[in-house]
Amino acid sequence: MAQPICIAVVGSGYVGLVSAACFAELGHRVICVDNDEAKVRLLKDGGLPIHEEYLPEMLGRLRQESIEFTTDLHEATRQADAVFIAVGTPQSDNGDADLSYVDAVASAIARSIDNYKVIVEKSTVPVYTNEWITRTLERNGASRDTFDVVSNPEFLREGTAVTDFLHPNRIVIGVENERAAHLLRQIYEPLTSGAYYDRPSAVPGSRSADNPPPLLQMSTRAAELTKHATNAFLAMKISFINAVANICDAAGVNVEEVARGVGMDDRIGPRFLRAGIGYGGSCFPKDVAAFRWVAEQLGHHFDLLAEVERINADQKKLFFRKIRSALWTLRGKRLAVLGLAFKGGTDDIRESPAIEIVRMLLKEGCSVTLFDPAAMERTKEVLEPGPRVKYVSDMYEAATDAHAVLVLSDWQEFAAIDLDRLREALRHPIVIDGRNLFDPEVMSGKGFTYFSVGRPSLATGVKAVKL
Ligand code: UGA
């Protein structure tokens, strides 16, 4: 690598912490800044606030050498060549992104700039944020020739964040001048040259020295819109297949056969066509709403996105109806719930469809026994344990004497469950699967009455009754 660069990353959430660790992994010197003192202390002491593959080993290795954690934004800015802003952009009441954290960080950075810096927006932000950050820096005293603001959206997924960062489909940089573009290209050079993938310690993934990721350079507004359009498109793909799944349900067709047939058209592609109980998490719901709001502000009604949201909301209600039609009455029923995270492989429960469905069940008078491999502590903060809400430490304990099992997140552990043991533990052998983790024929062969999303149920014993 030509020259290690000193990078400050502001915000140590998913995007900030993973980016900081990966920049250090690429050989740069990184200062990770957060104003949450407890979090910084935890990170300094070797702890981790998030559950992410490869991150513990990577930070264990790099903490001593090339990454440090601090609350001192002023000092970090002074030392850095590039300052990445990776703070939260939560949804505000009317759907747009609340950019007050970005504003506060930009104002603070402005007061610390003493020589040329590249300020990089990494958080997901609406188009024109770049211009707003520039204006904010100037208003707070930074001279225009001491900085450039660029946009470098991140496309990592929770659960596979490190691999996604180091083996990206593409690296997008939105930049208006060559000086800033040069620095960004240097930062990503170990990836774009392929040199990183030749290292014996490289995190494995789909990229290699012969097949390094492309770096796409575009205008700052184009980069901002690329991020919103990508997330909105992926959410649309999920809602589309969920709508098709509902038609498949009515027509007695298996949606997976249809998704396979559709996805093999390489103009469409097979990914993000898994039907289920809808998308959740801290990104898609927020970003679809924010993109719709942005369009509205620019004079366009992006009603397609409203429909994407409607289908997503309905998907949970339809699944709830499925539970009701499998069990008839709900009051007093005891249900085992496998999965609370918004998807498998993470402890994140933000906008989790699973939590919403559990709340609906509680409202109807059910008791629930909850199990998730990683998300139970977080769930306890929003669903207190009590006489009707129990948390247990394994899948079979959750199923013991339950009227049915609900599968609500796609953890691999659940797909590998011992079905004989599960059937023996249950009071009635009923599985209602919101993530299509099992094969209907196998389930039927094992004596289960099995319901999933967009696939005909092969009932044994208890039959579903249409309401
Ligand atoms: C998403 C994007 O995939 C990332 O590219 C992006 O960087 C990130 O948002 C972000 O903007 O920060 P993430 O929210 O971690 O990543 O999770 P995904 O794997 O995309 O899943 C989102 C939701 O869609 C989950 O609830 C998942 O269960 C659901 N999903 C996904 C489906 O229901 N079906 C599918 O086929 C795929």
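The expected span of a helix is 1.5 Å times one less than its number of residues. That rule comes in handy for the first of these close-ups, which all show a predicted model.

**View 1. Helix H1, residues 14-25, and its surroundings.** H1 has 12 residues and runs 16 Å from first C-alpha to last, close to the 16 Å expected. Of those 12 residues, 11 are buried, so the helix is largely enclosed by the rest of the structure. The buried set is Tyr14, Gly16, Leu17, Val18, Ser19, Ala20, Ala21, Cys22, Phe23, Ala24 and Glu25. Just past the end of H1, look for Gly27, which takes a positive phi of about 110°.

**View 2. Two cysteines, Cys22 and Cys32, that stay apart.** A disulfide is a covalent bond between the sulfur atoms of two cysteines. The count for this model is 0 disulfides. For Cys22, the closest cysteine sulfur belongs to Cys32 and sits 12 Å off, so it is too far for a bond. Seen from the other side, Cys32 is in no disulfide either, with the sulfur of Cys22 as its nearest cysteine sulfur at 12 Å. Both are tucked away: Cys22 is buried at a relative accessible area of 0%, and Cys32 is buried at 1%.

**View 3. Phe23 meets Tyr188, ring to ring.** A pair of aromatic rings is described by the distance of the centres and the angle of the planes. There are 10 aromatic pairs in the structure. In the one shown here, the ring centres of Phe23 and Tyr188 are 5.8 Å apart and the planes make 65°, so the pair is edge-to-face. This contact ties together distant parts of the chain, with Phe23 in H1 and Tyr188 in helix H8 (residues 178-192), 165 residues apart. Phe23 is buried, with a relative accessible area of 0%, and Tyr188 is buried too, at 2%. Zoom out a bit and ring pairs link Phe23, Phe84, Phe165 and Tyr188 into a cluster.

**View 4. A nonpolar patch on the surface.** Tyr128, Trp132 and Leu298 make up this patch, which adds up to about 310 Å² of accessible area. Trp132 belongs to helix H6 (residues 129-139). With a relative accessible area of 47%, Trp132 is partly exposed.

**View 5. Salt bridges along helix H12.** The model has 27 salt bridges, and this view picks out the one between the side chains of Arg310 and Asp314, at 2.6 Å from N to O. The two residues are 4 apart in helix H12 (residues 303-327), which puts about one helical turn between them. An α-helix has 3.6 residues a turn, so residues three or four places apart point the same way. Arg310 is partly exposed at 41%, and Asp314 is partly exposed at 24%. The pair is part of a network of salt bridges linking Glu307, Arg310, Asp314 and Lys317.

**View 6. Arg427 and Asp401, a bridge between loops.** The closest N and O atoms of this salt bridge are 3.2 Å apart. Distant parts of the chain come together here: Arg427 lies in the loop between helix H17 (419-425) and strand S13 (430-433), and Asp401 lies in the loop between helix H15 (395-399) and strand S12 (404-407), 26 residues apart. Arg427 is partly exposed at 42% relative accessible area, and Asp401 is partly exposed at 37%.

**View 7. Arg144 with Asp148.** These two form a salt bridge whose closest N and O atoms are 3.8 Å apart. Arg144 is partly exposed, with a relative accessible area of 37%, whereas Asp148 is buried at 11%.

How values were computed
Residues numbered from 1 in each chain as written. Predicted model: local features only at pLDDT ≥ 70, side-chain atom pairs only at ≥ 80, totals over all residues. Heavy atoms only, no water. Disulfide = S-S within 2.5 Å. Buried < 20%, exposed > 50% of the residue type's maximum accessible area, 1.4 Å probe, protein only. Patch = residues over 30% accessible without salt bridge, like charges linked within 9 Å, V, L, I, M, F, W, Y side chains within 5 Å. Areas by Shrake-Rupley, 256 points an atom, 1.4 Å probe, with all protein chains shown as cover. Salt bridge = Lys/Arg side-chain N within 4 Å of Asp/Glu carboxyl O. Phe/Tyr/Trp six-rings, centres within 6.5 Å; stacked < 30°, edge-to-face > 60°.
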